[in-house]
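Hi everyone, thanks for making time. I'd like to walk you through a structure that's new to most of you, so let's get it up on the screen.

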Amino acid sequence: MIIRCVRFDHPDAVKLNDEVQAEYHQRYGDGGDATALDAADFDPPQGVYLIAYDERDRPVATGGWRSQDRNEEGNEDGDAELKRMYVVAEMRGRGLARRMLAALEEDARMAGRVRMVLETGTKQPEAIALYTSSGYEPCAKFGYYRHHEESLCYAKRL
């Protein structure tokens, strides 16, 4: 797996984002994640967006983080918010998500962020298992879905 830093509006990022949105819709029936995201949210040093490519240069996994500080949506100063973690179906179970998560955590740490936070949902048991086995613990709800019953929020000190 080769991990490359790209913009969130890169064609491969758009393709994988469309796939993850379709999966969210399938699981929740709500059209996908409605959280407002802008490509600039992931521009270094305030964030990063990564894509993992396989040996044939196909995009197979993605994830990013964006800086968040204390705001009305419940973030705290120094937060790095994890977004759009996704592995294509045929590549799951090979540790790609765990490797992507580690790369994102290291990048956020190097950028001076002190806590990685994420929001997932009750219908994503694979994501919950990844995050809890990687040291994430439940935290106060934050972000766009903080008032939704199916929303789960986790955090990890970097």
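Let me start with a small one: which residue in E3 does Leu50 stand opposite? It's Gly63. Before I go on, please keep in mind that this is a predicted model.

So, that pair belongs to a bigger picture. Strand E2, residues 47-53, and strand E3, residues 59-68, run antiparallel to each other, paired over seven bridges. Helix H1 packs on the sheet, where it touches E2, E3, E4 and E5, and its direction makes about 85° with that of E4. Then there's H2, which also packs on the sheet. H2 touches E1, E2, E3, E4, E5 and strand E7 (151-157), at about 30° to the direction of E3.

And the sheet as a whole? It's an open one with seven strands and mixed pairing, in the order E1-E2-E3-E4-E5-E7-E6. At the edges you'll find E1 (2-5) and E6 (137-138), each pairing on one side only.

Okay, on to the empty spaces. The largest pocket holds about 840 Å³. There are 35 residues lining that pocket, and those closest to its centre are Tyr24, Met85, Thr120, Gln124 and Ala127. Which strand gives the most to this lining? That's E4, with six residues. By class, the pocket lining splits into 15 nonpolar, eight polar and 12 charged residues.

Last stop: there's one cavity of 30 Å³ or more. The largest cavity comes in at about 40 Å³, and its lining includes Thr35, Glu81 and Phe142.

Conventions. Residues are numbered from 1 along each chain as its sequence is written. This is a predicted model: local features need pLDDT of at least 70, side-chain atom pairs count only at pLDDT 80 or more; totals for chains, interfaces and linings use all residues. Side-chain values use heavy atoms; hydrogens and water are left out. On a 1 Å grid over the protein atoms alone, a cavity is a set of points where a 1.4 Å probe fits but cannot get out, and a pocket is an open set with protein on both sides within 12 Å along at least five of seven lines; lining residues have an atom within 4 Å of a point. Grid points are joined across faces, edges and corners, and a volume is the space filled by probe spheres set on the points. Helices (H or I, at least four residues) and strands (E, at least two) are DSSP runs, numbered from the N terminus. Ala, Val, Leu, Ile, Met, Phe, Trp, Tyr, Cys and Pro count as nonpolar, Asp, Glu, Lys and Arg as charged, and the others, Gly among them, as polar. Two strands pair if DSSP finds at least two bridges between them. Contact means heavy atoms within 4.5 Å. Axes are lines fitted to C-alpha atoms, for helices over the stretch in contact, and angles run from 0 to 180 degrees between N-to-C directions.
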